[in-house]
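Colleague: I am new to this structure. Please take me through one part of it closely, the open sheet in chain A, and then show me what surrounds that part.

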Amino acid sequence: MNGSRRPLLEVRDLYVQYPGGRDGPARAVDGVNLDVYEGETLALVGESGCGKTTLARALMGLHRPTSGHIRFRGEPLSYDRDGMREHRRRAQMIFQDPTGALNARQTLYEAVAEGLRVQKVQGNEEGLVAEALSRAGLRPPESFFTRYPYEISGGQRQRVIIAGAMVLNPSLLVADEPVSALDASVRGEILSLMLGLVRQAGITVFVVTHDLGLAWNVADRVAVMYLGRIVEDGPAEQLLTEPRHPYTRALLSVVPETKQMEAQVLRGETPDPTRIPGGCRFHPRCPVVESGEAARLGIEDKCREEDPRFLPACHAVRLASDDEHEAYVHQR
Amino acid sequence: MSLLEVRDLHVTYAAASSAPVPAVRGVDLTLDVGETLGIAGESGCGKSTMASALLRLLPKDTEVTGEVLLDGEDVFDMRPGRLRAVRWTELAIVFQGALHTLNPVRRVGDQIAEAIRLHSSGNGASPAKRVAELLELVGLPARRASAYPHQLSGGQRQRVLIALAIACEPRMLIADEPTTALDVMVQAQVLRLLADLQRDLGLAIIFITHDLSTLANICRRIAVMYAGRIVEEGPNDRVFAEAAHPYTRALAAAFPVIGDPRFRMNPSGLPGDPPDPRDVPSGCPFHPRCPEAIDICPRTQVELWPAGAGREAACVHVSGSPVAT
């Protein structure tokens, strides 16, 4: 389905490490390959500490890769001053906490106009700000110009942030948990707003979330991240209803919003990115290994020793699809 | 007699720079032995204030009226010593934010042992043995007793808090957002633990959360709060599947069912924001955001009216409403 479209972003063998303590560096992003196509909404899902926010920030140029690279419309990101200024016009980011993202001592007008000034955008500033606020659902926009963040609600603050991002007509919107700090009844409105605006403008969206229901609500495609690596990706409908990787299956089974699966509660916490297990990085928690299924299939050693390189990143899934393929060929 | 009975509870916070803030505005509740009740609502709806009021944990200048009967004994009439004992041996509470509740410079086992020494009747096993039992009961190895809180993960700390809460064998537990700061997998672990404890120890649990989706699996009855009052109550499966109150309906729709085409590419919410307790709308407080509001809503005092078998809802549209619609 993406065959005819060009990737807006190409991420290749990306590694981002943070200097660590005794155990060496934290390998937050640890070999990610991912394409994000023009005009699609991609949801990156995973538990906290899996590296999803680091990957999002790397796409914004906020982290320099330790190795590997990111291309934007085919051109590698350039980290010099001019390169970053250009990137920060075409790529905008919105964060989880709209209160922290706004300057408490700046009026809402200033908050939205700041990007225009930094980017030296020509034209009628007041008109652009008014239009952006209005499109973000803050109407009449003039009544918000002189107000301060503390005078409006959390949902309205996130609307101001969205207005500030959209006023620059970006090609890419990176949204890190855009509604998780908001009340449930307010979330849907903010998501609808985002969905409407990006569709209208044909913007590509990279949304980071721990909430699989949100992905079902807004995403065309979903990528699942575990300990610094994408372990499965695919069209949202397929991935969320027929997950293949055992981690995706477990994650979906514990979400109360999916009723048809038996809960598969994994033991332990998300492991530490300073100590990524060898072999398949999921093997110490993997239900396929624990249940003895891997041993029955004769791949237990492989799971412990060999890092799966293809998606879905699971030796058992790989084996099953080879068998299917063989059976199919045999039938013919 | 019910284990817990709350009658017409009102809580009003004193405010330095404004008029007093009514956070809970008339709540009635009952809970029987071994029962589970979920209380759902958004920020500012009064759910946590209500939980704290049940155990008199609010600041001194807060005005609290109504009755909280624990086995028929009014909590508001208890002497301080009796109240302290009740908090450990009858009705314990687990808050969110496991980080700040434990003493950072003492081993977790010692903290649990101290509670047992001070508040248990003193019969039975030695505290050390009981600590080991409790830790294993909440799914931690007994040797973790010697750990300091910072050496534990968020999920493990929440387990320690649960062990602490059940250390003196209370019959009832209030869990206020016990899984909110946790990751989905750890959240599932803690929910499963609470469900096991409920079953094995016959604990009655009041589970308070903003996250409707976590309630469905562990609570038999559910109450939904809005603007300081309960607006709907009923059996959990019915409340979500066919909500009687438009607010419950909207809230349920905000938690999409994965795989259900109705939610696909269709996020659902409500216009406006939850009301500020300082400025609650007239009549039915939900009317400014309600998609089904009619002309009488802004001036009708809604109460919990019958809305089908074992159910009540505070909306003029329900079957038992005395107001013609």
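Modeller: Start with the sheet in chain A of this predicted model. Four strands make it up, in the order E2-E1-E4-E5. The sheet is open, and its pairing is antiparallel. At the edges are strand E2 (26-37) and strand E5 (75-76) of chain A. Each of these pairs on one side only.

Now look inside the sheet. Strand E1 of chain A covers residues 7-18, and strand E4 of chain A covers residues 67-72. The two run antiparallel, joined by five bridges. For one landmark, find Tyr15(A): opposite it stands Ser67(A) in E4(A).

A helix packs on this sheet. It is helix H1 of chain A, residues 52-59. H1 touches E1, E2 and E4 of chain A. Its direction makes about 60° with that of E2(A).

Next, step back to the domains. Chain A is divided into domain 1, residues 7-226, and domain 2, residues 243-331. Their C-alpha centres lie 31 Å apart. In the contact between them, 17 residues of domain 1 of chain A meet 14 residues of domain 2 of chain A. On the domain 1 side, the elements giving two or more residues are E2, helix H9 (212-218) and strand E9 (221-226) of chain A. E2(A) gives the most to that side, with four residues. So edge strand E2(A) is worth finding again here. By class, the domain 1 side has seven nonpolar, six polar and four charged residues.

Chain A also touches chain B. That contact takes 33 residues from chain A and 35 residues from chain B. On the chain B side, helix H7 (184-201), helix H8 (212-215) and helix H10 (246-253) of chain B each give two or more residues. The largest share, six residues, comes from H7(B). The chain B side holds 18 nonpolar, twelve polar and five charged residues.

Finally, chain B as a whole. It has ten helices and twelve strands. Its C-alpha trace spans about 65 × 50 × 40 Å along its principal axes. The radius of gyration of chain B is 21 Å, which agrees with a compact globule, because one of 325 residues would have a value near 20 Å. Buried residues make up 50% of the 325 residues in chain B. Take the contacts in chain B between residues at least 6 apart in sequence: 61% of them join residues at least 24 apart.

Conventions:
Residues numbered from 1 in each chain as written. Chains lettered and ligands numbered in written order. Predicted model: local features only at pLDDT ≥ 70, side-chain atom pairs only at ≥ 80, totals over all residues. Pairing = 2+ DSSP bridges. Contact = placed C-beta atoms within 7 Å. Axes fitted to C-alpha atoms, helices over the stretch in contact; angles between N-to-C directions. Domains from an automatic or database assignment. Nonpolar A, V, L, I, M, F, W, Y, C, P; charged D, E, K, R; others polar. Rg over C-alpha atoms; globule rule 2.2 N^0.38 Å. Buried ≥ 20, exposed ≤ 12 C-beta atoms within 10 Å, placed from the backbone.
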